[in-house]
Amino acid sequence: MHYCASNATFVLCLFTNACAKRLKMSTEKTNIFIVDDNQLMVAALKQYLQNKFGESIEITTFNDGESCIKMVHKDLHIVILDYLMAGKNGLDTLKAIKLTNPKTTVIMLSGNEDIALAIESFRAGAKDYVVKGTDAWKKLTNLLTDIIKKPLRFIVKGFGGSK
Amino acid sequence: MHQLNMNKNTGDVCNLTYLTEIMSGKKTLIKEIMDRFLIQIPEELASLKDSIAQEKFASIQSYAHTMKSSVSIMGITILTPILKDMEELAKAGTDIQKISELNNQLTVICNKAISEIKEESQSYL
């Protein structure tokens, strides 16, 4: 923290500190887990996201909910989670993730349009429910872009910037 | 019985336009996914065949569901209604005969897709 004489300068220093924090944050990677028992889907999604977001993300993949739950940590930012998996299903995995780290953003993926499941997922803390298909990849990109860029927007908004 | 509508221009069952698009045309990435497909699909077909032989409806439903994602990546759209029907029938736990017929169609189309992908992957070396 910089100590400044006037109020105006103090505000400016706060802004500088916030930006410095943001710069530090921007060098840190966004940690993403992909959980799906379809290895082809996992491989394709990993390649796709890595290609889109490059070095700014770190992806770890799992083929079942149990393995994912064991690896949830405090710096886990995003989980892309399939619903229908052998063993623990996506909804139970989501609940377990949220118990360990409520701040982790979970995006539920499903092969079926199931309104009841979507509502249940939102109630359990999912940020979104994406139905697998050709539009799913674009939707995931938009969601991740939004999540990854959020801290900078928050800072700008806090200092009178537009939304 | 589903009509086996293949690509009218080429007779191919696969359409790699979508895969090429999502991988931004990067050949190494496309090749990796193709290789994964060539390993995974025969395994899934074998598992599905076993599950049908043993009338394990839950497994049939699960494999049909998984295969829907696998084939969609390779643009094998003619398989989507077949797999959807298999999944629905298995969920209802009825008509193993119909499931078996659908599986025969699935196997024929998947084998054709495997041949196409094998041939295509040669140009991605």
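**Leu45(B) and the meeting of two chains**

Student: Which helix of chain B holds Leu45(B)?
Tutor: Keep in mind that this is a predicted model. Look along chain B for the helix that covers residues 27-53. Leu45(B) has its place there, in helix α2.

Student: Is Leu45(B) buried, partly exposed or exposed?
Tutor: Let's use the neighbour count: 18 other C-beta atoms lie within 10 Å of Leu45(B). A buried residue needs 20 or more, and an exposed one has 12 or fewer. The count for Leu45(B) lies in between, so the residue is partly exposed.

Student: Which residues does Leu45(B) touch, not counting those up to four places away in sequence?
Tutor: Here a contact needs C-beta atoms within 7 Å. Leaving out residues up to four places away in sequence, the partners of Leu45(B) are Thr107(B) and Cys110(B).

Student: Which helix of chain B gives the most to the side that touches chain A?
Tutor: On that side, 19 residues of chain B are in contact with 17 residues of chain A. Helices α1 (17-22), α2 and α3 (57-73) of chain B each supply at least two of the chain B residues. The helix that gives the most, with eight residues, is α3(B).

Student: How are α2(A) and α2(B) oriented to each other?
Tutor: Helix α2 of chain A (residues 39-53) packs against α2(B) with the axes 9 Å apart, at an angle of about 170°. Among the residues making this contact are Ala43(A) and Phe37(B). Angles over 145 degrees count as roughly antiparallel, so the two helices, α2(A) and α2(B), are roughly antiparallel.

Technical notes. Residues numbered from 1 in each chain as written. Chains lettered and ligands numbered in written order. Predicted model: local features only at pLDDT ≥ 70, side-chain atom pairs only at ≥ 80, totals over all residues. Helix = DSSP H or I, 4+ residues; strand = E, 2+ residues; numbered from the N terminus. Contact = placed C-beta atoms within 7 Å. Axes fitted to C-alpha atoms, helices over the stretch in contact; angles between N-to-C directions. Parallel < 35°, antiparallel > 145°, perpendicular 65-115°, else oblique.
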